[in-house]
Amino acid sequence: MIKIVLLGTGGSAGTPQIGGADGFGDWGELDPAEPKNRRTRASIVIEAPDGRRLLVDTGPETRLQLTACGIPRIDAIIYTHGHADHIAGFDEIRILNRLLGTPMPVYATEKTMDDLRQRFDYAFKPWTGGGFFRPAIEPHLVAAGESLDILGLPIQLIGQDHGYIPSLGLRIGGFAYCTDVVRLDDAALAALEKLDTLVIDCFTNGPPHPTHANLKQALAWVERLKPKRTILTHMGLNMDYAKLSASLPAGVEPGFDGQVFCFDFP
Ligand SMILES: [Zn+2]
């Protein structure tokens, strides 16, 4: 059994965004009374059958997300891409190091690893033993299209078009996580066939966006790929939970922070 925890399902600014007439946040078209409309930045945890956990991205709320979801330890991290809303919590690796007792295995493409090194160069210095007074990582370069084993999980990495940069999607068995994507080429679509559960980027129900799928695009992918269950993530200010829940086609639902589901493995 593999367990997935959606730590965060919000867009790059989270919801509500900073602002609002009363200062308690700009909710846009979201109902502030619905707790599921309060969303932190997109990130998930994948828990392997042996209990080890792979964290996907470290956004600015990593500490709040892990403590809110009751996750006491992370065994490896993979990055989808180097945007701030996916890496800004990188420094929390220091505490994760203390729990793990070793440098953290970190998987990323060469471009994303370069982004991380530029922003957090102090974490790339070799660990010389002793306490973790800064984050320490063990970098592993990966590439789109590759299949690899992380923590005993067979992971297929999917190349995605995120507008101005590429991003990585992940597939494990019948589950796939595809955040921060605006276009999928034929190779990516082929890698996403016969899914049980697809977690997919859907930033807006408005017109096409330069870097993220809108609802029309996400539903077009669902129509083509026919996953049994689809969960929307990376949602912005016009993606109200209750309104979406009432209007989406069968098998498609908006995700929410803290959502958990399991699937059989292998
Ligand atoms: Zn992004």
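**Helix faces, a zinc site and two cores**

Mentor: In this predicted model, helix α4 (residues 110-119) has T112, M113, D115 and L116 as its buried residues.

Trainee: How are they placed around the axis of α4?

Mentor: The buried residues of α4 sit on the same side of the helix, because they cover an arc of only 155° around its axis.

Trainee: And which exposed residues are on the face turned away?

Mentor: E110 and Q118 are the exposed residues carried by the face of α4 turned away from its buried side.

Trainee: What do the buried residues of α4 pack against?

Mentor: Their packing partners are α2, β5 (104-108) and β6 (137-141).

Trainee: Now α3. Which residues are buried there?

Mentor: In helix α3 (residues 93-100) the buried residues are I93, L96, N97 and L100. They fall within an arc of 110° seen down the axis, so they line one face of α3.

Trainee: Why would that spacing put residues on one face?

Mentor: An α-helix has 3.6 residues a turn, so residues three or four places apart point the same way.

Trainee: What does α3 pack against, then?

Mentor: The buried residues of α3 pack against β3 (53-56), α1 (62-68), β4, β5 and β6. After α3 comes G101, with a positive phi near 85°.

Trainee: Switching to the metal. Which protein atoms are donors of the zinc ion?

Mentor: The zinc ion has H81 (NE2), H83 (ND1), H162 (NE2) and D180 (OD) as protein donors, at 2.2 to 2.3 Å. Along the chain their spacing reads H-x1-H-x78-H-x17-D.

Trainee: Where do H83 and D180 lie in the chain?

Mentor: H83 is in the loop between β4 (76-78) and α2 (84-87), and D180 is in the loop between β10 (175-178) and α5 (186-191). The two are 97 residues apart, so the pair links distant parts of the chain.

Trainee: Is each of those two buried or exposed, and what are the numbers?

Mentor: H83 is partly exposed at 31% relative accessible area, while D180 is buried at 1%.

Trainee: What about the geometry of the zinc site?

Mentor: The site is irregular, with angles of 89 to 176° among the four donor atoms. Four donors count as tetrahedral only if all angles lie between 85 and 135 degrees, so the upper value rules that out.

Trainee: How many disulfides are there?

Mentor: The count is zero. For C69, the nearest cysteine sulfur belongs to C262 and is 13 Å away; C69 is partly exposed, at 24% relative accessibility. For C202, the nearest is that of C178, 13 Å away, and C202 is buried at 0%.

Trainee: Next, the largest nonpolar core. How many residues, and which have the most contacts inside it?

Mentor: It has 28 residues, and I4, I46, L54, I150, I155 and F175 have the most contacts inside it. Apart from neighbours within four places in sequence, I150 is in contact with L54, A76, I78, Y107 and I155.

Trainee: Which residues does the second core include?

Mentor: That separate core of 25 residues includes A213, L215, V222 and M235.

Trainee: Last one: where is I158, and what is in contact with it?

Mentor: I158 lies in strand β8 (residues 153-161) and is buried, with a relative accessible area of 2%. Leaving aside neighbours within four places in sequence, its contacts include A144, L168, L170, A188 and L192. F124 is 34 residues from I158 along the chain, and their C-alpha atoms are separated by 26 Å.

Key. Residues are numbered from 1 along each chain as its sequence is written. This is a predicted model: local features need pLDDT of at least 70, side-chain atom pairs count only at pLDDT 80 or more; totals for chains, interfaces and linings use all residues. Side-chain values use heavy atoms; hydrogens and water are left out. Donors are N, O and S atoms within 2.8 Å of the metal (3.2 Å for Na, K and Ca); water is not among the atoms, so sites may look incomplete. Four donors count as tetrahedral if all angles lie between 85 and 135 degrees; four count as square planar and six as octahedral if opposite donors are over 155 degrees apart and all others between 65 and 115; anything else is irregular. Helices (H or I, at least four residues) and strands (E, at least two) are DSSP runs, numbered from the N terminus. Buried means under 20% relative accessible area, exposed over 50%, partly exposed in between (1.4 Å probe, protein chains only). A nonpolar core is a set of buried Ala, Val, Leu, Ile, Met, Phe, Trp, Tyr and Cys residues joined through side-chain atoms within 4.5 Å. Contact means heavy atoms within 4.5 Å. The arc is that of the directions from the helix axis to the C-beta atoms. A disulfide is a pair of cysteine sulfur atoms within 2.5 Å.
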